[in-house]
Amino acid sequence: MACCPSHDDKSPSLSVSEAGNHILIHCFAGCEPSEILAAVNMQMSDLMPERDAHYFDDQPPQRPKRETRSEADLAHIQIRYLEAEAMVETGHKLTAAEKKQAIADFEYLRGIGELP
Ligand SMILES: [Zn+2]
């Protein structure tokens, strides 16, 4: 329990707990979570894990199988992805095809746990 930053808290009435990837906050004096977060300059998104668009898809993407690619292929994909990333970081524009490839590589590498 902690003192709630959102109201004049005399005794700790803020409960902070973790549920899966989420952080739950609850003020027993009745403050809204959004008010509590605003009081400490945070947003709801700060409590949520990162999601991508697939989270909202009815059909999640098929996880590629690790066995389907050789290590040489994997290294090739990693290098291609890192090159695309470096291009973007240094302010270069990717072509539509390069962008599509980079996204596919990203999804693949993350699917097999090579990217966070
Ligand atoms: Zn409160």
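Helices and strands are runs assigned by DSSP, with at least four residues for a helix and at least two for a strand, numbered from the N terminus. With that in hand, let's walk through this predicted model. The chain has three helices and two strands. If you start at the N terminus and follow the chain, you meet the elements in the order β-β-α-α-α.

Next, think about the chain as a whole. Of its 116 residues, 5% are buried. You can also ask how contacts link distant parts of the sequence: among those between residues at least 6 apart, 42% join residues at least 24 apart.

Now let's zoom in on one residue. Ser-15 belongs to strand 1, which covers residues 14-19. Is Ser-15 buried, exposed or partly exposed? Count its neighbours: 13 other C-beta atoms lie within 10 Å of Ser-15, so this residue is partly exposed, since buried takes 20 or more and exposed means 12 or fewer. Leaving aside residues up to four places away in sequence, Ser-15 touches Met-1 and His-26. Phe-28 is 13 residues from Ser-15 along the chain, and the C-alpha atoms of the two are separated by 7.8 Å.

Finally, move along to helix 2, which runs through residues 71-89. Here you can try a small calculation. The helix has 19 residues, and at 1.5 Å a residue it should span 27 Å, because the expected span is 1.5 Å times one less than the number of residues. The end C-alpha atoms of helix 2 are 26 Å apart, which agrees with that expectation. After helix 2 comes Gly-91, with a positive phi near 90 degrees.

Notes: Residues are numbered from 1 along each chain as its sequence is written. This is a predicted model: local features need pLDDT of at least 70, side-chain atom pairs count only at pLDDT 80 or more; totals for chains, interfaces and linings use all residues. Two residues are in contact if their C-beta atoms, placed from the backbone, lie within 7 Å.
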